[in-house]
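Please follow the chain through its charged pairs, its sheets and its helix contacts, with the sequence and the coordinates open side by side.

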Amino acid sequence: NKSVRRILKEIGAADVFTVPEQELPDGNFPTVKSPNPENAEALTLGINYAKESGADLVLGTDPDSDRVGIAVKTADGEYAILNGNQTGMLMCEFILRKMKNDGSLKPEHTVIKTVVTTETISKITESYGIKLCNVLTGFKYIGEKIKEYENGHDNIFLFGLEESYGYLKGTYARDKDAVVASMLIVQTAAYYKSCGKTLYDGLQDIYAKYGKTVQQLKTITLTGEVGAKKISDAMKRLRESIPESLGGFKVTSFKDYLAGTDGLPKSNVIKIYTEDGWCAVRPSGTEPKIKFYFETTENADSMYSDLKQMAGL
């Protein structure tokens, strides 16, 4: 709260209000089920206050301020909650456009994303003529690349992002940072407002330029020793039975990161590409869950249904 308000004040964002019930630290987090902006419910109080004040933007960080989620005002006066991919797309496009316009963008500049983050980022970097690097899930892998680039590498780190609401601009840190990310989101919103648009309009512009896809994350919780075995068995089944189609679309390629795919360290992740998009499956590294990531135009639900059946879940 203090850090975000300070940085917004320093860039001249004057009309900043806080949610009184959530302003002061309280380790019990009585106003939310979970103080994580990945959960839309965490922004409910902020959205309610925004409706009363007519605010353009709602920002919500987690308690240690490394993740940030947003809701943006739409033309009908309602508020749309953006997912981590959508926010990252807006920030990436804003950063690259600004740097291209002021002549500071170089071909060596590199955006780093995780393998389960939207592929729209690759289209954005390609359109601006800079590099893209994919890493495994976890911001530590982005941090490792920053260090690698600083040690005599041709690449220059510019921006890092992951679909789970984590972003980093600059090399002052080795982890995602919601403080500077909040600043960038507000600057992006200010840019679109200067064009007579909202952030939501800006998202539609990105869809028009690069194509629209829908990203979804679905999880299954399986606790205890029995649950861990079910997750292990599910991953094994998926590896051993690569389908010809998913959700009614032909499978075009399959990547098993446990085999060290794309020069990355071995990791228990698989990624399946279809004619309509892609899906990735991995066990959570911190929770008793198996996670399914999707980026498609229309059929994530049917792909998910097919995957669950194949995995025996």
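In this predicted model, Lys 145 and Glu 148 both belong to helix 6 (residues 139–150), and because they are three residues apart there, about one helical turn separates them. Their side chains meet in a salt bridge, with 3.4 Å from N to O. Glu 148 has a relative accessibility of 34% and therefore counts as partly exposed.

That pair sits within a single helix, whereas other salt bridges, of which the count comes to 20, connect separate elements. Lys 51 forms one with Glu 78, and the closest N and O atoms of this pair are 3.8 Å apart. The pair links distant parts of the chain, since Lys 51 is in helix 3 (residues 44–53) while Glu 78 is in the loop between strand 2 (68–73) and strand 3 (79–82), 27 residues apart. Both partners fall into the intermediate class of accessibility, for Lys 51 is partly exposed at 47% and Glu 78 is partly exposed at 41%.

A further salt bridge brings together the side chains of Asp 301 and Lys 218, at 3.2 Å from N to O. Because Asp 301 lies in helix 10 and Lys 218 in strand 8 (residues 214–221), this pair ties together parts that are 83 residues apart in sequence. Lys 218 counts as buried, because its relative accessibility is 19% and the cut-off for that class is under 20%. Elsewhere, Glu 93, Arg 97 and Lys 209 are joined into one network by salt bridges that share partners.

Strand 8, which carries Lys 218, leads on to the sheet. Six strands form an open sheet in the order 8-13-12-11-10-9, and their pairing is antiparallel. Strand 8 and strand 9 (245–246) stand at the edges with a single partner strand each, so that one side of each is left without a neighbour in the sheet. Within this sheet, strand 10 (residues 249–256) and strand 11 (residues 270–274) run antiparallel and are joined by five bridges; Val 251, for instance, has Thr 274 in strand 11 as its bridge partner. Strands of a sheet pair through backbone hydrogen bonds, in either a parallel or an antiparallel manner.

Helix 10 lies across strand 8, strand 9, strand 11, strand 12 (277–283) and strand 13 (289–296), and it runs at about 145 degrees to strand 13. Helix 10 (residues 300–311) also meets helix 9 (residues 224–240): the two axes come within 8 Å and cross at roughly 105 degrees, and helix 9 and helix 10 are therefore roughly perpendicular to each other. On the side of helix 9 the contact is made by Ala 234, Arg 237 and Leu 238, and on the side of helix 10 by Leu 307, Met 310 and Ala 311. By class, the residues of this contact divide into five nonpolar, no polar and one charged.

What is the crossing angle of helix 4 and helix 5? The axes of helix 4 (residues 84–101) and helix 5 (residues 120–127) come within 10 Å and cross at roughly 5 degrees, which makes helix 4 roughly parallel to helix 5. Here Gly 88, Met 89, Cys 92, Glu 93 and Leu 96 of helix 4 meet Thr 120, Ile 121, Ile 124 and Thr 125 of helix 5. This contact has five nonpolar, three polar and one charged residues. Glu 93, one of the residues on the helix 4 side, also takes part in the salt-bridge network with Arg 97 and Lys 209.

Another antiparallel pair is made by strand 6 (residues 156–162) and strand 7 (residues 166–169), which four bridges join. The two strands form a hairpin with three residues between them, and Tyr 165 in the turn has a positive phi of about 65 degrees. Glu 162 has Gly 166 in strand 7 as its bridge partner.

Both Glu 162 and Gly 166 are also among the residues touched by Lys 176, which lies in the loop between strand 7 and helix 7 (178–194). Leaving aside residues up to four places away in sequence, Lys 176 touches Asp 66, Arg 67, Phe 139, Glu 162, Gly 166 and Tyr 167. With a relative accessible area of 12%, Lys 176 is buried. The C-alpha atoms of Lys 176 and Pro 25 are separated by 21 Å, these two residues being 151 residues apart along the chain.

Conventions:
Residues numbered from 1 in each chain as written. Predicted model: local features only at pLDDT ≥ 70, side-chain atom pairs only at ≥ 80, totals over all residues. Heavy atoms only, no water. Axes fitted to C-alpha atoms, helices over the stretch in contact; angles between N-to-C directions. Parallel < 35°, antiparallel > 145°, perpendicular 65-115°, else oblique. Contact = heavy atoms within 4.5 Å. Nonpolar A, V, L, I, M, F, W, Y, C, P; charged D, E, K, R; others polar. Pairing = 2+ DSSP bridges. Salt bridge = Lys/Arg side-chain N within 4 Å of Asp/Glu carboxyl O. Buried < 20%, exposed > 50% of the residue type's maximum accessible area, 1.4 Å probe, protein only.
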